[in-house]
Amino acid sequence: MKVLTVFALSLAFAAPTQADTMRLEVGKPLARFAKLRPGVHRYIRYTVGVDGSRKAIDIWQRTVSFGPDTEGRPDALHITQRWDRADGSRILIQDSWFDARTFTPRTHVRHTVKDGKDDYAGYRFDTAQVVGMADLANNSRKDFVMALPEPSYNFETDMELFQTLPMASGRIFNIPFYDAGIDKPARYNFVVAGSETIPGPDGRPIHCWLVTADYNTGKIGARFWFAKSNQVLIHEEAPMDGGATLVKTLLPPEAGDAKAA
């Protein structure tokens, strides 16, 4: 775990003063969309106990690409994820399509493999609601319907969305998110609490934006460190019940990757 400077700690725990708030609306262009590039990023998630012990949870692989979607529509953004449990008990594969100009979500499919059984949950986003994909084979959520108070971004791809935002110290992003089939749609505030330099996967220092979120609970539930150069998520920490910490951190690219992360 890293050692924070007194200055960084003050930024992490203090609310920004005279902050400007950007209220995002789905369908509008995103200021730094060009920072979202094709390629692969992998993260390991693990817990750090109060006694300093560490326990691996899973490894995430997130792949970004651009091209026509499954319905032949051009200018599409495609984000796929694979989460492999460390104990081999579960695999989660997520497949998400978006309008490449605005990050407006189109479809989201979760494929879960557990105890040798497959489950598919597919959803289609529109401006007024999210519904089960009737044309997806073996869709366990084909009859799902959730009305949206407003168009919402896909919460499962928040890490990539953050890459496209014009981060600046003290800025608050108010974002409408919905995690399809989970919880309810809502707006959430993400605060750019300041800057911090942390070691990257290879040990070299990375200058980062420090972003905090309370997920509408009134107290900070997660801290994110995004590289200032490309706004890729480098590290995340979240407190857990009982005093432990949940950590997600970027892994170095693999030799076989088509593009370096």
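**Entry 1: Glu-196**

I began with Glu-196, which lies in strand β12. The model I am reading is a predicted one. I looked up the accessibility of Glu-196 and found 9%, so I entered this residue as buried, the limit being under 20%. I then turned to its side chain, which makes a polar contact of 2.8 Å with the side chain of Trp-225.

**Entry 2: the largest pocket**

Strand β12 led me to the largest pocket, since β12 gives the most to its lining, with four residues. I recorded a volume of about 730 Å³ for this pocket. Its lining comprises 29 residues, and I noted those closest to the centre: Arg-45, Trp-60, Asp-158, Asp-179 and Tyr-215.

I next asked which elements each supply at least two residues of this lining. I listed the strands β3, β5 (90–99), β11 (172–179), β12 (182–199), β14 (222–227), β15 (233–239) and β16 (245–250), together with α2. Sorting the lining by class, I obtained 15 nonpolar, twelve charged and two polar residues.

**Entry 3: the largest cavity**

I then turned to enclosed space. Rolling a probe the size of a water molecule over the atoms shows where empty space is left. How many cavities of 30 Å³ or more does a search of the whole structure find? I found one. The space in the largest cavity comes to about 80 Å³.

I wrote down its lining as His-41, Tyr-43, Arg-62, Val-64, Met-159, Glu-160, Gln-163, Val-232 and Leu-233. By class, I counted five of these as nonpolar, two as polar and two as charged. At least two lining residues come from each of β2 (39–48), β3 (54–67) and α2 (158–163). The largest share is that of α2, with three residues. I noted that β3 and α2 also each supply at least two residues to the lining of the largest pocket.

**Entry 4: Gln-94**

I moved to strand β5, where Gln-94 is found. Is Gln-94 buried or exposed? I entered Gln-94 as buried, because its relative accessibility is 0%. I then looked for polar partners of its side chain. One polar contact, of 3.3 Å, joins it to the side chain of Arg-110. Another, also given as 3.3 Å, joins the side chains of Gln-94 and Glu-156.

Leaving out residues up to four places away in sequence, I listed what Gln-94 touches: Ile-79, Thr-80, Gln-81, Trp-83, His-108, Val-109, Arg-110 and Glu-156. Both polar partners, Arg-110 and Glu-156, thus appear in that list.

**Entry 5: nonpolar cores**

I looked up the largest nonpolar core and recorded 46 residues. Those with the most contacts inside this core are Leu-77, Phe-103, Tyr-153, Ile-175 and Phe-190. Strand β13 (residues 205–213) gives the most to the core, with six residues.

I followed Leu-77 further. Setting aside neighbours within four places in sequence, I found Leu-77 in contact with Phe-33, Leu-36, Val-64, Ser-65, Phe-66, Ser-96, Trp-97, Phe-98, Asp-99, Ala-100 and Phe-103. Among these contacts of Leu-77 is Val-64, which I had already listed in the lining of the largest cavity.

Another core lies apart from the largest one and has eight residues, including Phe-125, Val-130, Leu-148 and Ala-180.

**Entry 6: positive phi values**

I checked two residues other than glycine for backbone phi. For Asp-75 I found a positive phi, near 55°. This residue is placed in the loop between β3 and β4 (76–85). With a relative accessibility of 46%, Asp-75 counts as partly exposed.

Gln-231 has a positive phi of about 65° and is not a glycine. I located Gln-231 in the loop between β14 and β15. I entered Gln-231 as buried because its relative accessibility is 0%.

**Entry 7: Asp-115**

Last, I looked at Asp-115, in the loop between β6 (105–114) and β7 (117–125). Its relative accessibility is 67%, so I recorded Asp-115 as exposed, the limit being over 50%. How far apart in space are Asp-115 and Arg-90, C-alpha to C-alpha? I noted a distance of 7.4 Å, with the two residues 25 residues apart in sequence.

Note on methods. Residues are numbered from 1 along each chain as its sequence is written. This is a predicted model: local features need pLDDT of at least 70, side-chain atom pairs count only at pLDDT 80 or more; totals for chains, interfaces and linings use all residues. Side-chain values use heavy atoms; hydrogens and water are left out. On a 1 Å grid over the protein atoms alone, a cavity is a set of points where a 1.4 Å probe fits but cannot get out, and a pocket is an open set with protein on both sides within 12 Å along at least five of seven lines; lining residues have an atom within 4 Å of a point. Grid points are joined across faces, edges and corners, and a volume is the space filled by probe spheres set on the points. Ala, Val, Leu, Ile, Met, Phe, Trp, Tyr, Cys and Pro count as nonpolar, Asp, Glu, Lys and Arg as charged, and the others, Gly among them, as polar. Buried means under 20% relative accessible area, exposed over 50%, partly exposed in between (1.4 Å probe, protein chains only). A polar contact is a pair of N or O atoms within 3.5 Å; within protein, one must be able to donate a hydrogen and the other to accept it, and residues adjacent in sequence count only if both atoms are side-chain atoms. Contact means heavy atoms within 4.5 Å. A nonpolar core is a set of buried Ala, Val, Leu, Ile, Met, Phe, Trp, Tyr and Cys residues joined through side-chain atoms within 4.5 Å.
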